[in-house]
Amino acid sequence: MRNCELAIIGAGPAGLAAAVAAREAGVKDIVIIERDGEPGGILNQCIHNGFGLHRFGEELSGPEYAGRYIDMLAGGGIELKLGTMALGIENKTVSVVSESNGFEQIAAKAVILAMGCRERSRGPIFVPGDRGSGVFSAGSAQRYLNIEGYLVGKRVVILGSGDIGLIMARRMTLEGAKVLAVAEIMPYTNGLSRNIAQCLNDFDIPLYLSHTVTKVIGKGRVEGIVISQVDGNMKPIPGTEKQFECDTLLLSVGLVPENELTRAAGIDIDRRTNGASVGEDMQTSQEGVFACGNVLHVHDLVDYVSAESERAGRAAAKYILSGGNAGKGDQITLLNGGNVGYTVPQRIDPANVTDSVDVFFRVRKKIAKAEIAVISNGEKIASFKRSFLAPGEMQKITLTKAVLERAGGEITVSAIETEA
């Protein structure tokens, strides 16, 4: 049995940021559990730039961004257990296994969940065909190319307009492949606007909205892809088929928070985000267990992951240093109203808010001009104007303590279309 003050599961950007913040807040014995052989998580295969503008004020590649936080681990107080798989959590004790040490248990005063997310596979989206050769998730193709040095195909169709797929459209083009098309089943894109411009438009790669893959052609390996337009019910429309001769299909059809450990531990899951339900301090339904980063809800910028995870690290430190007796007052439940898909955090205790709390959310559709209305007990207690909203871009509003003190037991966040 290894005893420590804080155990963090995951050494990606969330886990690293949480560890650094917790140590700065006074925690002296931190263990980070990571199943890979090196820290950094998904950042290690993201060799493009664009990271760090918010956090460090400059453009960095993924490995450079991870390197900044890895360097911050120096100075003592943080043990990094690499090649170690977390098996379960019970009463803030994490069971782990590794090749070097076998089965171990790590008993902590607090635990932070920072396991990140995984890509959705072809099964849940019903991509037809039974050939696996030539069908890859965009992230797998990225790892093959950027870390293993292997180009998975020469003529490529991409299904889904998530950011990883858009970035891979550019990356494979630069490596000599021909990206024939990107198909997106929704009538809008799911990636950042800058990635649409820089990864598709700059390379004249066509984007087909309201289209999906309806046939995979080939024996042994993909030889062609058929895409079809879909109607309002997401059903393919006969006669709209387009066929592409290709050897590769990349899937960029969404990310899913990696919450098997969370569910097994009996922690409440928000069905809207598929992540844990948390308070303003990032604490889950189990006292002393916190969650942050993409395991909580999928972010589009790593800078936001770091900021959220630093908040979790500080909150965990406060919990540990107070002896685990952090009191809770009357909590406010956050609900999503019109055009809003989810809100994080899911609850707020005004007594624990010093000045303000940030609320993150995503909208369900594109809105050119919008008012973000915050309603409680039938009264609008806050309002925010936005010039453009899109499902692919996470939104943030800041609720002050004064606003929270005006609220009742519930707050509803809505995105209302306006003319001005």
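Let me begin with a term: a residue counts as buried when its relative accessible area is under 20%, as exposed when that value is over 50%, and as partly exposed in between. What we have on the screen is a predicted model, and I will go through the salt bridges, then two sheets, then one helix, and finally a few places at the surface.

With that term in hand, take R2, whose relative accessible area is 25%, so that R2 belongs to the partly exposed class. Its partner is D29, and the two side chains meet in a salt bridge with an N to O distance of 3.2 Å. R2 sits in strand β1, residues 2–9, while D29 sits in the loop between α1 (13–24) and β2 (30–33), and so this pair ties together parts of the chain that are 27 residues apart in sequence. D29, with a relative accessible area of 24%, is likewise classed as partly exposed. The pair does not stand by itself, as R2, D29, E79, K81 and E104 are linked in a network of salt bridges.

How many salt bridges does the model hold in total? The count comes to 16, and I would like to pick out two further examples. In one of them, R118 forms a salt bridge with E258, and the closest N and O atoms of that pair are 2.9 Å apart. The two residues come from distant parts of the chain, with R118 in strand β7 (residues 117–119) and E258 in the loop between β16 (255–257) and α6 (260–264), a separation of 140 residues. Are the two partners buried or exposed, or do they fall in between? R118 has a relative accessibility of 33% and therefore counts as partly exposed, whereas E258, at 16%, is buried, because the cut-off for that class is under 20%.

The other example is the pair R272 and D270, whose side chains meet in a salt bridge at 2.8 Å, N to O. Here R272, at 29% relative accessibility, counts as partly exposed, and D270, with a relative accessible area of 10%, is buried.

Let me turn to the sheets. In general, the strands of a sheet pair through backbone hydrogen bonds, either in the parallel or in the antiparallel sense. One open sheet in this model is made of three strands in the order β12-β13-β14, with antiparallel pairing. Its edge strands are β12 (211–217) and β14 (242–245), each of which pairs on one side only, and the twist from one strand to the next averages 25°. Between β13, residues 224–229, and β14 there are four bridges in the antiparallel sense, and if you want a place to look, I227 stands opposite K242 in β14.

A further open sheet also has three strands, in the order β21-β23-β26, and its pairing is antiparallel. The strands at its edges are β21 (340–344) and β26 (395–400), each pairing on one side only, and neighbouring strands are turned by 30° against each other on average, if direction is ignored. β21 and β23, the latter covering residues 356–363, pair in the antiparallel sense over four bridges, and Y342 stands opposite R362 in β23.

Now to helix α7, residues 302–321, where a simple check is possible. Why should this helix span 28 Å? The expected span is 1.5 Å times one less than the number of residues, and for the 20 residues of α7 this gives 28 Å, which agrees with the 28 Å between its end C-alpha atoms. The helix is mostly covered, as 14 of its 20 residues are buried, and just after α7, G323 takes a positive phi of about 80°.

Finally, some places at the surface. M85, L87, V97 and F103 form a nonpolar patch there, with about 360 Å² of accessible area together. Of these, F103 lies in strand β6, residues 102–113, and with a relative accessible area of 53% F103 is exposed, because that class begins over 50%. T418, in the segment after β27 (410–417), is partly exposed at 25% relative accessibility. The C-alpha atoms of T418 and Q243 are separated by 40 Å, the two residues being 175 residues apart along the chain.

Conventions: Residues numbered from 1 in each chain as written. Predicted model: local features only at pLDDT ≥ 70, side-chain atom pairs only at ≥ 80, totals over all residues. Heavy atoms only, no water. Buried < 20%, exposed > 50% of the residue type's maximum accessible area, 1.4 Å probe, protein only. Pairing = 2+ DSSP bridges. Axes fitted to C-alpha atoms, helices over the stretch in contact; angles between N-to-C directions. Salt bridge = Lys/Arg side-chain N within 4 Å of Asp/Glu carboxyl O. Patch = residues over 30% accessible without salt bridge, like charges linked within 9 Å, V, L, I, M, F, W, Y side chains within 5 Å. Areas by Shrake-Rupley, 256 points an atom, 1.4 Å probe, with all protein chains shown as cover.
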